[in-house]
Amino acid sequence: MRLKTLAIILLVGFGLTGTTFAQKIGYANIEMILVYMPETKTMNQTLQTYEKKLGEQLQVKQQYAQQKYTEYLQLEQEGKLTQADKESREAELLKLDEEIQKQSATAQENLMKKRQDLLDPIVTKMQTQLKALATAEGYDYILNTVDGSGVSIVLHGPEEHDLTQKLMTRLGIKIPEGQ
């Protein structure tokens, strides 16, 4: 009886694994889509303006430090600095250099944060349309054709499962010729 029950369980188990569900997998070039999204172009322009503003602020500080250094060198060459004045000015120059380094690092951090803040809604919009496309077309998975460094992830796939143009159409992006 036990052997018969075990045989039935095995047959049923093998029968179930034999009837696996087919999965529909598509792919799209997400990086290319991001490049052509109008929101990305706007984001890039905003970032360029922001970066220029940060650079100008840093340049003002650097020019001030350069002026102080030139003044220090001139006074030193003319022999008009006492040892105390010399040490004081050197300390001031070191402090200015530290401030410039800190301001530069902060500017980079702020630029990266601004980029992420501007990119988040763009990615959310794309993900929403990607999910809608997957649902409408019956896809279980949609893969990105390349990773962030430009290396291909999908090496081969049927053309009918390339969803790049369909996704661009859903996003209202004019499809460039030759793509």
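The following conversation works through a predicted model, setting values against the definitions behind the words used for them.

Trainee: What makes helix H3 and helix H4 roughly antiparallel to each other?

Mentor: The axes of H3, residues 38-77, and H4, residues 83-137, come within 10 Å and cross at roughly 180 degrees. Angles over 145 degrees count as roughly antiparallel, and H3 and H4 are therefore given that description. The residues of this contact of H3 with H4 divide into 18 nonpolar, 7 polar and 14 charged.

Trainee: How do you know what span to expect for H3, and what does the helix reach?

Mentor: The expected span is 1.5 Å times one less than the number of residues. H3 has 40 residues, for which 58 Å is expected, and the helix reaches 57 Å from its first C-alpha to its last, which is close to that value. Just after H3, Gly-79 takes a positive phi of about 75 degrees.

Trainee: Why is Thr-40 called buried?

Mentor: Thr-40, whose place is in helix H3, has a relative accessibility of 9%, and because buried means under 20%, Thr-40 counts as buried. Leaving aside neighbours within four places in sequence, Thr-40 is in contact with Leu-34 and Ile-122.

Trainee: Which other residues of H3 are buried, and what covers them?

Mentor: Besides Thr-40, the buried residues of H3 are Met-43, Leu-47, Leu-54, Leu-58, Ala-65, Lys-68 and Tyr-72. What covers the buried residues of H3 includes helix H2, residues 30-36, and H4.

Trainee: Is Leu-94 buried or exposed, and what decides the word?

Mentor: Leu-94, which lies in helix H4, has a relative accessible area of 55%, and since exposed means over 50%, Leu-94 is called exposed. Leu-94 and Ala-65 are 29 residues apart in sequence, and their C-alpha atoms are 9.5 Å apart in space, while Ala-65 is one of the buried residues of H3.

Trainee: How do you know whether Thr-164 is buried or exposed?

Mentor: The relative accessible area of Thr-164 is 5%, and because the cut-off for buried is under 20%, this residue of helix H5, residues 164-170, is buried.

Trainee: What does the side chain of Thr-164 reach, and what makes that a polar contact?

Mentor: The side chain of Thr-164 reaches the backbone nitrogen of Asn-29 at 2.9 Å, and a polar contact requires a suitable pair of N or O atoms within 3.5 Å. Leaving aside neighbours within four places in sequence, Thr-164 is in contact with Tyr-27, Ala-28, Asn-29, Met-32 and Ile-33.

Technical notes: Residues numbered from 1 in each chain as written. Predicted model: local features only at pLDDT ≥ 70, side-chain atom pairs only at ≥ 80, totals over all residues. Heavy atoms only, no water. Axes fitted to C-alpha atoms, helices over the stretch in contact; angles between N-to-C directions. Helix = DSSP H or I, 4+ residues; strand = E, 2+ residues; numbered from the N terminus. Parallel < 35°, antiparallel > 145°, perpendicular 65-115°, else oblique. Nonpolar A, V, L, I, M, F, W, Y, C, P; charged D, E, K, R; others polar. Buried < 20%, exposed > 50% of the residue type's maximum accessible area, 1.4 Å probe, protein only. Polar contact = N/O pair within 3.5 Å; in protein donor to acceptor, adjacent residues only side chain to side chain. Contact = heavy atoms within 4.5 Å.
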